[in-house]
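This report is a guided reading for someone meeting the structure for the first time. Please look over the sequence and the model before going on to the sections that follow.

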Amino acid sequence: MNKRNILIVDDEKNIVMSLSDFLEADYNCYKAYNVDEAIQIMTDSPVDVVISDVRMPGKTGFDLIRWLKENKPKVKTIMMTAYGSDSVKRAIRKEGAIFYFEKPIDYSEIKNIIEHIFSPRGFTADLSGMDLIDMLQILGFSGKDCTVTVRNRLGESGKVFLKNSVLLNAETDFNTGLDAFYDIIKWESGSFSVSALEGDVNPEISFSLEHLLLEISRIRDESEREYETAKEKAVAGDYTDFFKEMKDNLEECTALYVKKGKIGSVIVSLVDDQKYAIESAIKDYNLDKSSKIKLDEILMTLENSYIIIQQLNSIDVIITAIFKKPCNIGLKYLTISKYKPLVEGMIK
Amino acid sequence: MKEELINQIFSETEGIIGVFEILPSNTINKFRILDEKKHKPAEMLPFLQNLVSETKKICSVLKDKPTDIIANSSDYTFLITTIKTDGSSLVLMLPKEGNIDVAKVIAKKVVDQCKSK
């Protein structure tokens, strides 16, 4: 079978040489040290995938992507940069690269992505080392008609339906349409598989996937800013404001309790609905009473609600959050996990 | 619980360490634990009893009923599924990195089989 052709473009010669050495057992590798050389090679030779640095003297990786869009639209592009940030990432996506890596680069990951690009069949992947948005973007650019089934680490699942770079619909156990899509995108760990597009999909969304992914990058930035605000409050030791902020970010949280474990004193008790006021039970709740097994976290699924209990053993603090059903509990779990180090830093 | 059902749980749940039953009275039946020297039943049983009784307290305040509980310690993941017909619970004990998705499916299958008998 003929080998596929890869072009590696970077002004750092050692990266071009070492990446080429790594890939050449499986692919024909062309080498270029600036954009003009890269364009010359692509004019003369068939290239399937370009792996390019962003910043190079003279023309940049963005110039190369724009040239490719106009002259070689079928060529897929993977970008590398030593100057990674959300804005650079957004700019790279906007220009149309299907994937980007921050230097120093794990060559095995690049190889995995190339294999995915050339893979004609379905695949499964572990989300812990990969961003779902990036993978959706690959699928969007490939124009593939497919169903992406995503499972988070709590076993909840969702589906994203793509047709010719358009998001037709999405569904989780609780939502359909855009709400479901945003829920799935927020899952930070889990696994996913890609299969043929299911035949009976209702095109409830029908938006350009590219447009939606850009919107999601913006939402993620906003969420990061909210988290930073909470962090400032945590550093200032402002317990109540900090936990109010946390509860607001949790949405659908009807009660949030934080208590010092052994003493049993409730540090914060925020309850929306007295129906969920279980402060006395939480105060007495003692997970350490009997054994050497130290619990880190509990997720209780009740008929009408969910309860997440996170035990911060290092500071002897227990966070309990109650959520009214239905809600995306996987998302809540991840949000609380994100706040844990801040709480640990604040309450010592 | 019948031996064949426990065999089924062990054959279908990769990495599973133990299976228990918690009766409505809070009595715990240990069905099987692999490598009891390493995973000591004497530590598991009071721990599970405590977990279930504390959970019941919260549920009674909330006037709600538990469907299932996932509890993670530094070494283990416990999946406690309520078998509603008689109020007892099935406990699957997995290593921390065990596949909780598979465990949930198996537990549901077992609970359904128990209900249908």
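## Two helices packed against each other

In this predicted model, helix α9 of chain A, which covers residues 239-250, packs with helix α11 of chain A, residues 329-346, at an angle of about 170 degrees and with 10 Å between their axes. Angles over 145 degrees count as roughly antiparallel, and α9(A) and α11(A) are therefore roughly antiparallel to each other.

On the side of α9(A), the residues that take part in the contact are F242(A), M246(A), N249(A) and L250(A), and they meet K332(A), T335(A), Y339(A) and M346(A) of α11(A). Sorted by class, this contact of α9(A) with α11(A) consists of 5 nonpolar, 2 polar and 1 charged residues.

## Chain A as a whole

The two helices belong to a chain with 11 helices and 16 strands. Chain A has 348 residues, of which 36% are buried. When the contacts in chain A between residues at least 6 apart in sequence are considered, 56% of them join residues that are at least 24 apart.

## An open parallel sheet in chain A

Five strands of chain A form an open sheet with parallel pairing, in the order β2-β1-β3-β4-β5. Its edge strands, each of which pairs on one side only, are β2 (27-32) and β5 (99-102) of chain A, and the twist from one strand to the next averages 20 degrees. Within this sheet, strand β1 of chain A, made of residues 4-9, pairs with β2(A) in the parallel sense over 6 bridges, and N5(A) stands opposite N28(A) in β2(A).

Helices also pack on the sheet. Helix α1 of chain A (residues 13-23) touches β1, β2 and β3 (49-53) of chain A, and its direction makes about 170 degrees with that of β2(A). Helix α3 of chain A (residues 61-71) touches β1, β3 and β4 (76-81) of chain A, with a direction at about 155 degrees to that of β3(A).

## Where chain A touches chain B

The contact between the two chains takes 25 residues from chain A and 25 residues from chain B. On the side of chain A, the elements that give two or more residues are β14 (295-302) and β15 (305-312), and β14(A) gives the most, with 8 residues. By class, the residues on this side of chain A divide into 11 nonpolar, 7 polar and 7 charged.

Strand β14(A) also pairs across the boundary between the chains, since it and strand β3 of chain B (residues 66-73) are joined in the antiparallel sense over 7 bridges. As one point along the chains, L299(A) stands opposite I70(B) in β3(B).

## Nonpolar cores

In soluble globular proteins, nonpolar side chains tend to be buried together. Here the largest nonpolar core has 65 residues, and the members that touch the most others are L48(B), V91(B) and L92(B). Helix α2 of chain B, residues 41-62, gives the most to this core, with 7 residues.

Which residues are in contact with V91(B), leaving aside its neighbours within four places in sequence? They are V19(B), F20(B), I22(B), L48(B), F78(B) and I80(B). Apart from the largest core lies another core, of 31 residues, with V16(A), V49(A), M56(A) and F99(A) among them.

Technical notes: Residues numbered from 1 in each chain as written. Chains lettered and ligands numbered in written order. Predicted model: local features only at pLDDT ≥ 70, side-chain atom pairs only at ≥ 80, totals over all residues. Axes fitted to C-alpha atoms, helices over the stretch in contact; angles between N-to-C directions. Helix = DSSP H or I, 4+ residues; strand = E, 2+ residues; numbered from the N terminus. Parallel < 35°, antiparallel > 145°, perpendicular 65-115°, else oblique. Contact = placed C-beta atoms within 7 Å. Nonpolar A, V, L, I, M, F, W, Y, C, P; charged D, E, K, R; others polar. Buried ≥ 20, exposed ≤ 12 C-beta atoms within 10 Å, placed from the backbone. Pairing = 2+ DSSP bridges. Core = buried A, V, L, I, M, F, W, Y, C linked by C-beta atoms within 7 Å.
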